[in-house]
Each structure stands twice: as structure tokens, then as C-alpha cells.
Amino acid sequence: MSATITSIAHYLPPDVYPNSYIEEYLDTNHEWIMTRSGIAERRFAKDGATSDLIVPAAKEAMEKAGYGPEDIDCVIVATVTPDHAFPSTACVVQNKLGLKNAWGYDISAACSGFIFAFVTAAKLVESGAAKRVLLCGADKMTSVMNMQDRAQAVLFGDGAGVCIVEKSDDPELGFKDFITHIDGDGGQYLHKIAGGSFKPSSEETVANKEHYIFQDGQPVFKAAVKGMADVSVEIMERNGLNNETIDWLVPHQANLRIITATAKRMGLDPEKVMINIEKYGNTTAGTIPICLSEWSQKGDLKHGQNVILSSFGAGFTWGSIYMRWNTNKK
Ligand code: UT7
């Protein structure tokens, strides 16, 4: 038995912030941002929490599949910007959507959140422990961004992608294989240090700006180029895939240079790579499901196509999934 995505949707806040907006108050420029990251604009949510990004996408995904709130029996939220430390954002979403038959939880794996959560959802479905999982990848990065720091204010954005994972009608389609890794030694290069049990919030942590993202970009960049390419090539080779047989690479959207390097190591034609970083920046757990949803909406993600998902993020966390896209509705 295999698990598959049967419906997908995404939500992005409507307010668009181009590079020219950030140029007005920070010492940066469009040229630097584009050449270093490939980002031209991003979406910032004016208000609300991560669950408010998830709910509209979840409603759309459920409606497209013809499911009501009672049909979902599990909700998994991948995020590093949960509404609260507790209760989980899964509980908040469950309540807001009235998913009265669902249990669920959050998964914290930063930019690899969607991949790690998709592995979990697929295995729950394959084992019979869950029938229909509402799988959400979402982050409100503006809640942890220091807008006065040009090294991060230009990189991130807010957004959510939500899909339904359930049993595939065709065992040849859907989730096929995965590779996942963590390396805690990488935590020193990318983190939000305060606000947890290690450093509870205090006047001092606020004054020291320790509730914002800290990123030492270069070591993360180097590890990301290697880590994302390694897992992508490994999953490709062990499934007997190549440039001819892979239809899409769906990479995490942190930096266009990381994406390009990964595609090059795989020997993939650039037109087989989903890229929307220019429009949305890095929405952390949101990037991969937002890509899948956009390409599926455009009709470019077709039944039976071979798709590789790949990510690298804080932790460090990284991984890859091989799946065959299934457009059949239940
Ligand atoms: O998604 C989770 C995983 N995260 C990633 O994958 C991100 C990985 N890292 C990166 O993508 C890149 O390292 C960045 C995009 C974050 C930075 O690019 P970089 O080419 O590594 O630049 P850098 O950090 O080495 O900075 C180069 C220069 C510095 O100035 P000096 O020291 O050379 O004078 C920075 O101060 O660029 C400066 N700089 C900026 N200049 C204009 C940093 N941010 C900006 C900015 N505008 N926004």
C-alpha cells in the first residue's frame, strides 16, 4: 500500500513587499539581493498567526477533495513559528477547522519541516494508523525576523501549503522513497536562541535581540549546497532515475544559488526545477508545498510524473523524497 497527496492548496498573504521597499529603510539594494539570493519580493502577513496562514489553504484543499471536517483523522503541522510553545499549532488548526475526529501534532524541522512531516504522514497512512492526514507546512517568518538586520530582512517571507495525504488508489503512484538526516552541530549557525527552556524570555533576551533569527550565512550555505545535492543525487540513483525520467525537482527555496547547484549535481535541465523564490523568498516549511500547489494549479504537475522533493535547513536538517504525482481523486 502506498500513500499519496490527493489534494493541495496554498495561502500567501496578499501584501507584496518588493526589494525597493526594504531598500528604503536598510542599507541594501535590489542588485545585491537578486545576485546573492534570487529574491525580488516577498509576502508579509500584517496580522494573525501561523494557523491563520494554514486555515484558508486547508479549507481549499479539503473543499477540492470534497472532504468535510469530520473526514480528517490526523493533522500534522510543520513549522518553526508555532502560534504558541503549547498548545501545538495542530491543536489550534484542529479547533479552528472543527476537525472533531482528528488527533495530531507539530513537527519542528525548520526548512525540512514539510519533508519530515510528509514522511511521517505517509508512514501513518501506510501503517493504517491514520486514514486521511491534513499535512501543513507553514511559517510566519515575520514573527521571528529582525527587520533592522539586512542579512535576514531580505531573505524570508510568510506562507503556507496544505495537502491531504491518504491511501493511493494505485500502489505505483504516490510516496515511494525518502532520505532524512539531522546534524545538531549545525545548530550554532542558524537558530533562535531565546524563548525556550534554555533561555527563557527576559528583559535581557529582548534587549539582546535573542528572539530573532540568528544566521551565519556562509557555513549554512556551504552545508546546504552539499547536503541538498547529496540527498537528491542519492535518492535519484537508488531509484534508477536520471535527467530523462525525473520530471520535477522541488527544492526548498532558500537561495537560488543552492537550488541551481543541486540541479547541476543531479544533471537536471533547469526547466525541470520548480522555482518561485523570486516572488516569495524563503517561507521555511511553506516553500515545497507552495511550489507543488502552484505547479499543480497551473496544470504543469501531471499524473504519473516523477518528482523529487529536497530540502536543507536549521538543525541542520536535510532530506529528500521521491514520489509519483497522482491526480486521481478518491
Ligand atoms: O533556509 C534555511 C537554510 N538557510 C540557507 O540555506 C541560507 C544559506 N546562506 C545563504 O543563502 C547566503 O549565505 C546569504 C544569502 C544569507 C548571504 O549571502 P553571502 O553571499 O553568503 O553573503 P555574506 O553573508 O558573505 O555577506 C557578504 C557581504 C557582507 O559584507 P562584507 O563583510 O563583505 O563587507 C555582508 O555584510 O554582504 C553584506 N550583506 C549585505 N549587503 C547588502 C549582507 N546582507 C546584505 C544585504 N544587502 N541585504
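The structure holds 13 salt bridges, as computed from a predicted model. Three of these pairings are described below, together with a linked network and the environment of helix H9.

In helix H8, which spans residues 217-238, the side chains of Glu234 and Arg238 form a salt bridge with an N to O distance of 3.7 Å. Because the two residues lie four positions apart in H8, about one helical turn separates Glu234 from Arg238. Both partners fall into the intermediate class of accessibility: Glu234 is partly exposed, at 37% relative accessibility, and Arg238 is likewise partly exposed, at 45%. The pair does not stand alone, as Asp177 is joined with Glu234 and Arg238 in a network of salt bridges.

A further salt bridge connects the side chains of Glu172 and Lys176, with 3.9 Å from N to O. Glu172 has a relative accessibility of 46% and is therefore classed as partly exposed. Lys176, with a relative accessible area of 35%, is also partly exposed.

The side chains of Lys279 and Glu294 meet in a salt bridge of 3.3 Å, again taken from N to O. This pair links distant parts of the chain, since Lys279 belongs to helix H10 (residues 277-280) and Glu294 to helix H11 (residues 287-298), with their positions 15 residues apart in the numbering. The two partners differ in their exposure class. Lys279 is partly exposed, its relative accessible area being 36%. Glu294 has a relative accessibility of 9% and so counts as buried, the cut-off for this class being under 20%.

Helix H9 comprises residues 256-266, and its buried residues are Ile258, Ile259, Thr262, Ala263 and Met266. When H9 is viewed down its axis, these buried residues fall within an arc of 130° and therefore line one face of the helix. The buried residues of H9 pack against three elements, namely helix H8 (217-238), strand E11 (248-251) and strand E12 (306-313). Helix H8, one of these packing partners, is also the element that carries the Glu234 and Arg238 pair.

Local features were also identified at both ends of H9. At the start of the helix, a side-chain oxygen of Asn255 comes to within 2.8 Å of the backbone nitrogen of Arg257. After the helix, the chain continues with Gly267, which has a positive phi, near 70°.

How values were computed: Residues are numbered from 1 along each chain as its sequence is written. This is a predicted model: local features need pLDDT of at least 70, side-chain atom pairs count only at pLDDT 80 or more; totals for chains, interfaces and linings use all residues. Side-chain values use heavy atoms; hydrogens and water are left out. Buried means under 20% relative accessible area, exposed over 50%, partly exposed in between (1.4 Å probe, protein chains only). The arc is that of the directions from the helix axis to the C-beta atoms. Contact means heavy atoms within 4.5 Å. A polar contact is a pair of N or O atoms within 3.5 Å; within protein, one must be able to donate a hydrogen and the other to accept it, and residues adjacent in sequence count only if both atoms are side-chain atoms. A salt bridge is a side-chain nitrogen of Lys or Arg within 4 Å of a carboxyl oxygen of Asp or Glu.
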